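Hi everyone, thanks for making time. I'd like to walk you through a model, so let's pull it up.

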Amino acid sequence: MIEAELGRALITGMGMSVVLQPQMSLLTGQVLAAEALSRWDHPELGPISAADFVPAAHRLGMDRMLFLRVVDRVIEVLQRMHAEDIAVPIAINASSSTLCSRDLPTLLEKRVAQAGLPARLVKIELTEDEPVNDWLALSSVLNLLRVRGFELAMDDFGAGIASMRLFSAMPFTELKIDRDFIVHMHREAASRAVVAAAIEMGRVLGRRVVAEGVETEEQLQLLIRMGCERFQGWLFAPALPPRQLAEQWLQRLSLIHISEPTRRYAI
């Protein structure tokens, strides 16, 4: 029944929304960015977990349709924030098959430009939930996105067998360490070694590194000692409705001395 209803929801957009998982800076305590997480509230079935409908979209070959629906929602959120002088980049997850579409860079550039937004506020996160079948096509699209000003992140680093090759070969600006390694790094030397290697790799290549799924103070302190400065997880904040994240952003800024006369807070 979920599969039968999903296509209708993706076509119409009814019941589809996003919540935002904040990405925090250890140095300033500010919200540096956010990750968009898709939500689906069916009028009869009620809220349907992303763990159910995202795989369903993949089985039905609707990954691109779901991605573009999330893009539309994120652009709406960015426009509302932009009207309040808030410029927080928002990341959107995409599979490798979605990112191998050659028309995607032009399509995204057009949608963002029509909304009056700079491309740097939209970040594309490559997920590793499926293998890369066409490395040349993926490389071409990612490079075109970077040329057009979009930020690129590699999600769940370490979870897939091609992680290191992908990150070193493609023009990513950010690496996000898979939460499973963060959760187990205190008990497993192998997980700790993967986290340390990811942090060092980002440092050497001059790319941002984000620890995902940080839930305890113990995890945070170990990551700090390892040199990680960007975090995402329940220890800082759960996934929030866009309005709530914007309010938190404004509250934090009210505690900071503002020297810019325009009050434009871009990252």
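So, how far apart should the ends of helix α6, residues 135-147, be? Keep in mind that this is a predicted model. At 1.5 Å a residue, the 13 residues of α6 should span 18 Å, and the end C-alpha atoms are indeed 18 Å apart, which agrees.

Okay, which residues of α6 are buried? They're A137, L138, V141, L142 and L145. Looking down the axis of α6, those buried residues sit within an arc of 125 degrees, so they line one face of the helix. Here's the background: an α-helix has 3.6 residues a turn, so residues three or four places apart point the same way. On the face turned away from the buried side, α6 carries the exposed residues L136 and V147. And what do the buried ones pack against? That would be α4 (96-99), α5 (104-114), β6 (122-126), β7 and α7 (163-169).

Now, the pockets. The largest pocket holds about 1,000 Å³ of space. Its lining has 37 residues, with E35, L37, N93, T127 and D155 nearest the centre. Elements giving at least two residues each to that lining include β2 (31-42), α3 (63-83) and β7 (151-157). By class, the lining splits into 14 nonpolar, 11 polar and 12 charged residues.

The second largest pocket has a volume of about 170 Å³. It's lined by 13 residues, and V209, G227, C228, E229 and R230 lie nearest its centre. Two elements, α9 (189-205) and β9 (208-212), give two or more residues to this lining, and α9 gives the most, with 3.

How values were computed:
Residues are numbered from 1 along each chain as its sequence is written. This is a predicted model: local features need pLDDT of at least 70, side-chain atom pairs count only at pLDDT 80 or more; totals for chains, interfaces and linings use all residues. Side-chain values use heavy atoms; hydrogens and water are left out. On a 1 Å grid over the protein atoms alone, a cavity is a set of points where a 1.4 Å probe fits but cannot get out, and a pocket is an open set with protein on both sides within 12 Å along at least five of seven lines; lining residues have an atom within 4 Å of a point. Grid points are joined across faces, edges and corners, and a volume is the space filled by probe spheres set on the points. Helices (H or I, at least four residues) and strands (E, at least two) are DSSP runs, numbered from the N terminus. Ala, Val, Leu, Ile, Met, Phe, Trp, Tyr, Cys and Pro count as nonpolar, Asp, Glu, Lys and Arg as charged, and the others, Gly among them, as polar. The expected span of a helix is 1.5 Å times one less than its number of residues. Buried means under 20% relative accessible area, exposed over 50%, partly exposed in between (1.4 Å probe, protein chains only). The arc is that of the directions from the helix axis to the C-beta atoms. Contact means heavy atoms within 4.5 Å.
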